[in-house]
Amino acid sequence: TTSAMSSLKFASSWGDKVGFDNDGYVTMLDLGGKRLYKGLPCSPQETFGRFSRLVTLNIAGTDLPQQDIMAILAVSNIQSNLQSLYLGGNGLGEEGSQAIASLFLPMAKQLKKLDLRYNDINGRGMAALTRAIATAQCPVQCLYMEGNQIRDDGAQALAELLDNPRKSSIREVFLGANHIQAQGAQALAKTLYNNKAITKIYLEGNNIGLTGANSFSSVLEELEGDTGLTNLYVDNNNIGKEGSKRLAKALNSDTAIGDAIA
């Protein structure tokens with residue numbers, strides 16, 4: 001039909017932005033940075049319904065209308081097969097994050113990587129996402145939240161999830177530039193007692209200060225190496241030279257903390 005042809009033409013028109021498996025099925029679709037603020041030129045349900053083996057989808061920075069984004073995420077094969085989803089820079093806000101939490105994450109049984117950076121998501125939006133991940137035991141391993149506004153309450157909601165390894169598969173969490181202060185850092189640091197699976201925490205460009213840094217140092221010193229954490233990035237957090245040195249020593253690395261200690 002004409003609509004079917006337009007769907008296939010839309011998918012194939014991006015050249016190397018589309019990946020295929022050996023059987024010719026689309027497995028990767030990269031629309032990142034394409035200005036689609038007027039919406040998709042074809043039905044989201046029909047187009048994405050044809051991608052029965054799609055595992056990687058990038059619609060970051062597209063300004064795609066939120067109703068189109070949610071229509072894509074409502075497609076059953078997207079929910080059941082997707083492993084990597086990039087949604088950064090689409091202005092989702094609290095409403096969009098709550099929609100993702102209620103409509104997509106409970107069904108996303110294969111999702112390993114979720115990128116929601118630069119979406120104006122606040123603490124309530126973050127709490128909705130973490131509750132959905134915990135309730136559905138969504139297998140997300142890498143969570144990208146840089147450049148949002150989750151603040152301490154959002155960091156505490158995330159910490160509650162991370163503190164229960166039976167409900168969280170997260171290994172790497174990216175929280176740069178989220179207005180997190182000492183209280184949020186303290187909550188995240190305490191998760192290291194129970195969660196040995198976390199390997200990387202990115203906190204650059206917040207304001208955890210010396211108090212927040214010392215929270216991580218104290219926990220790591222007490223654990224004496226009994227942690228999976230290998231990288232803790234705390235650049236531009238008003239920690240100071242001595243706090244950075246203590247943190248580097250506690251993590252047993254002069255570089256892994258990602259801050260100046262010289």
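The exercises below work through the sheet, the helix packing and a few single residues of this structure.

The model is predicted, so that local features need pLDDT of at least 70 and side-chain atom pairs count only at pLDDT 80 or more, whereas totals for chains, interfaces and linings use all residues. Residues are numbered from 1 along each chain as its sequence is written, and side-chain values use heavy atoms, with hydrogens and water left out.

**Exercise 1. The sheet and its edges**

Task: State in which order the strands form the sheet, and which strands stand at the edges.

Solution. Step one is the order: nine strands form an open sheet in the order 1-2-3-4-5-6-7-8-9, with mixed pairing. Strands here are DSSP runs (E, at least two residues), as helices are DSSP runs (H or I, at least four residues), both numbered from the N terminus, and two strands pair if DSSP finds at least two bridges between them.

Step two concerns the edges: strand 1 and strand 9 (231-233) each have a single partner strand, so one side of each is left without a neighbour in the sheet. From one strand to the next the twist averages 5°.

Step three looks at the end of the order, where strand 8 (residues 200-202) pairs with strand 9 in the parallel sense over three bridges, and where Tyr 202 stands opposite Tyr 233 in strand 9.

**Exercise 2. The surroundings of strand 2**

Task: Describe how strand 2 pairs with strand 1 and with strand 3, and explain why strand 2 is largely enclosed.

Solution. On one side, strand 1 (residues 18-20) and strand 2 run antiparallel and are joined by three bridges; the bridge partner of Phe 20 is Val 26 in strand 2. These two strands form a hairpin with five residues between them, and Gly 24 in the turn has a positive phi of about 85°.

On the other pairing, strand 2 and strand 3 (residues 56-58) are parallel over three bridges, with Asp 30 opposite Asn 58 in strand 3. Strand 2, helix 2 (residues 44-49) and strand 3 make a right-handed β-α-β unit, where right-handed means that, with the strands pointing away from the viewer, the path from the first strand over the helix to the second runs clockwise.

The last step is burial, for which buried means under 20% relative accessible area, exposed over 50%, and partly exposed in between (1.4 Å probe, protein chains only). Four of the five residues of strand 2 (residues 26-30) are buried, so this strand is largely enclosed by the rest of the structure.

**Exercise 3. Helices 5, 6 and 7**

Task: Work out how helix 6 is oriented relative to helix 5 and to helix 7, and which residues make the contacts.

Solution. Axes are lines fitted to C-alpha atoms, for helices over the stretch in contact, with angles from 0 to 180 degrees between N-to-C directions. The axes of helix 5 (residues 93-103) and helix 6 (residues 123-136) come within 8 Å and cross at roughly 5°. The two helices are therefore roughly parallel to each other, a term for angles under 35 degrees. Their contact (heavy atoms within 4.5 Å) includes Glu 94, Ser 97 and Ile 100 of helix 5 and Arg 124, Gly 125 and Leu 129 of helix 6.

Helix 6 and helix 7 (residues 151-162) pack at an angle of about 10°, with axes 8 Å apart, and are therefore roughly parallel to each other as well. Among the residues in this contact are Met 126, Ala 127 and Ile 133 of helix 6 and Ala 157, Leu 158 and Leu 161 of helix 7.

To close, consider Ser 97 in helix 5, which is buried, with a relative accessible area of 0%. Not counting residues up to four places away in sequence, Ser 97 touches Leu 92, Ile 121, Gly 125 and Leu 129. What covers the buried residues of helix 5 includes helix 3 (66-73) and helix 6.

**Exercise 4. Positive phi outside glycine**

Task: Locate Gln 137 and Asn 236, and decide whether Asn 236 is buried or exposed.

Solution. Most residues other than glycine have a negative phi. Gln 137, in the loop between helix 6 and strand 6 (142-144), has a positive phi near 50°. Asn 236, in the loop between strand 9 and helix 10 (241-250), has a positive phi near 55°, and at 64% relative accessibility Asn 236 counts as exposed.

Definitions and conventions: Parallel < 35°, antiparallel > 145°, perpendicular 65-115°, else oblique.
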